[in-house]
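Work through the exercises below with the sequence and the 3D structure open. Each task is followed by a stepwise solution.

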Amino acid sequence: MRADPLSFLNNEIASLKEQGLYRKLRILEGEPAAHATFDHKSVVNLSSNNYLGLATHPKLKQAALDAVRTYGVGSGAVRSISGTMEMHMELERRLAAFKHVEAVVVFQSGFAANAGTVAAVLTKEDVVVSDELNHASIIDGCRLSRAAIKVFPHKDMAAARKILAELPPAQRKLLITDGVFSMEGDLGPVPDLCALAEEFGAIMMVDDAHASGVFGKNGSGTVDHFQCHGRVDIQVGTLSKAVGVLGGYVAGSRTLIDFLYHRARPFLFSTSHPPAVTAACLAALDVLETEPQWIERLWENTRFFKSGLEALGFNTGLSESPITPVIVGQAATAAKMSDALFERGVFAQSIGFPTVARDKARLRTIVAATHTREDLQYALDMFAKVGRELGVIQ
Ligand SMILES: *Cc1c(COP(=O)(O)O)cnc(C)c1O
């Protein structure tokens with residue numbers, strides 16, 4: 001028998017275990033609700049991106065069921081061959097109106113939208129100017145494009161300006177930020193970055209994955225929140241988080257979208273969304289437009305929970321969104337605290353390197369519109385108890 005050529009992976013796993021970075025998957029039983037069952041335990045779920053509860057909204061479920069009955073379960077091909085259905089086009093038209101842009105292209109995921117777009121638009125002659133905390137899918141897109149990557153410290157406008165000023169004026173450059181940073185929960189400085197992009201002739205791109213359905217009118221994103229319409233050339237949104245389903249999209253000019261139809265590799269080489277997904281996304285847009293109470297409740301819950309954590313003395317960093325990190329330092333402490341909370345019925349996932357810096361391990365909490373006040377008060381009580389037991393707070 002030959003030796004296993006993958007045996008070196010055992011060492012990698014052993015090293016993850018030593019650093020407290022080895023996590024076993026929690027298994028969800030039943031619906032991904034705000035109070036849900038994982039690993040046979042009923043918990044307040046503070047680890048889901050289902051901000052508005054749309055993943056289980058009756059209108060979305062019905063739309064998906066109807067689509068399966070009428071169209072079946074798969075689309076049969078990539079968009080550019082025979083996998084474009086009328087409902088795919090309708091979703092793109094609806095999203096373009098929602099975002100106040102000329103056109104939208106939908107991808108299989110937000111990851112595919114980011115990576116596919118950056119890789120298609122840039123070449124190895126170009127430069128990306130990127131916030132250090134931008135999402136992995138942006139970084140992977142930059143790597144695939146082979147463009148040079150220049151990183152500025154988180155939200156450091158002076159550093160971003162210095163990088164831009166040192167580049168030759170004729171250099172093609174892409175300035176890129178997350179609208180909401182996924183591990184900090186703070187907002188990208190979109191208006192200031194737009195001004196820099198205008199001054200230095202850079203392409204401006206915003207990844208609004210965690211802002212979609214959360215910020216702006218009816219949840220249309222940070223460009224609306226900051227009133228920067230017309231100043232962001234490429235907007236990426238996700239359909240997988242607050243929208244409750246699956247997918248990502250790019251919003252911009254008709255020319256940009258036409259180009260991506262021809263050059264974005266996930267669009268060209270990976271099968272389009274099944275009818276149930278597309279129909280549920282269309283229903284989600286109806287809900288965002290007609291049921292504003294979900295976004296209102298999300299923000300009420302956010303204010304209640306965030307102020308509760310701060311009052312207990314936790315380090316919640318820079319957060320200004322429904323994502324509130326509880327920063328504890330070492331990955332092992334974060335893992336221990338997350339496990340202790342889980343035992344007491346609160347699910348707040350610990351996050352360590354490489355997702356966040358080595359000394360900034362944390363529990364990430366995300367509230368939803370569908371949490372009850374009792375859920376959130378219970379979670380605060382357990383955070384207080386476990387935080388004191390582990391010496392994270394006094
Ligand atoms: C989640 C996320 C994505 C990826 O979106 P998916 O639809 O889950 O693939 C992209 N960017 C950011 C900032 C995210 O948080």
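A polar contact is a pair of N or O atoms within 3.5 Å. The model used here is predicted.

**Exercise 1.** Find which side chains have a polar atom within 3.5 Å of an oxygen atom of the ligand, and state how much of the ligand the protein covers.

Solution.
1. Start with Ser240, where a polar side-chain atom lies 2.5 Å from a ligand oxygen.
2. Go on to Thr238: an N or O atom in its side chain is 2.7 Å from an oxygen atom of the ligand.
3. Then take His210, with a polar side-chain atom 3.1 Å from a ligand oxygen.
4. On its own the ligand has 380 Å² of accessible area, and 86% of this is covered by the protein.

**Exercise 2.** Describe the shell around the ligand: how many residues surround it, and how do they divide into nonpolar, polar and charged?

Solution.
1. The ligand is surrounded by 15 residues.
2. The closest are Gly110, Asp207, Thr238, Ser240 and Lys241.
3. By class, the shell holds 10 polar, three charged and two nonpolar residues.
4. By element, helix H4 (residues 110-121) gives the most, with three residues.

**Exercise 3.** Determine in which sense strands S5 and S6 pair, and the handedness of the unit they make with helix H5.

Solution.
1. Locate S5 at residues 127-131 and S6 at residues 148-152.
2. Five bridges join these two strands, in the parallel sense.
3. One bridge to check is that of Asp131, whose partner in S6 is Phe152.
4. Add helix H5 (residues 136-145): S5, H5 and S6 make a β-α-β unit, and this unit is right-handed.

Methods: Residues are numbered from 1 along each chain as its sequence is written. This is a predicted model: local features need pLDDT of at least 70, side-chain atom pairs count only at pLDDT 80 or more; totals for chains, interfaces and linings use all residues. Side-chain values use heavy atoms; hydrogens and water are left out. Two strands pair if DSSP finds at least two bridges between them. Helices (H or I, at least four residues) and strands (E, at least two) are DSSP runs, numbered from the N terminus. A crossover is right-handed if, with the strands pointing away from the viewer, the path from the first strand over the helix to the second runs clockwise. A residue is near a molecule or strand if one of its heavy atoms lies within 4 Å of it. A polar contact is a pair of N or O atoms within 3.5 Å; within protein, one must be able to donate a hydrogen and the other to accept it, and residues adjacent in sequence count only if both atoms are side-chain atoms. Accessible areas come from the Shrake-Rupley method with a 1.4 Å probe; for residues, only the protein chains shown count as cover. Ala, Val, Leu, Ile, Met, Phe, Trp, Tyr, Cys and Pro count as nonpolar, Asp, Glu, Lys and Arg as charged, and the others, Gly among them, as polar.
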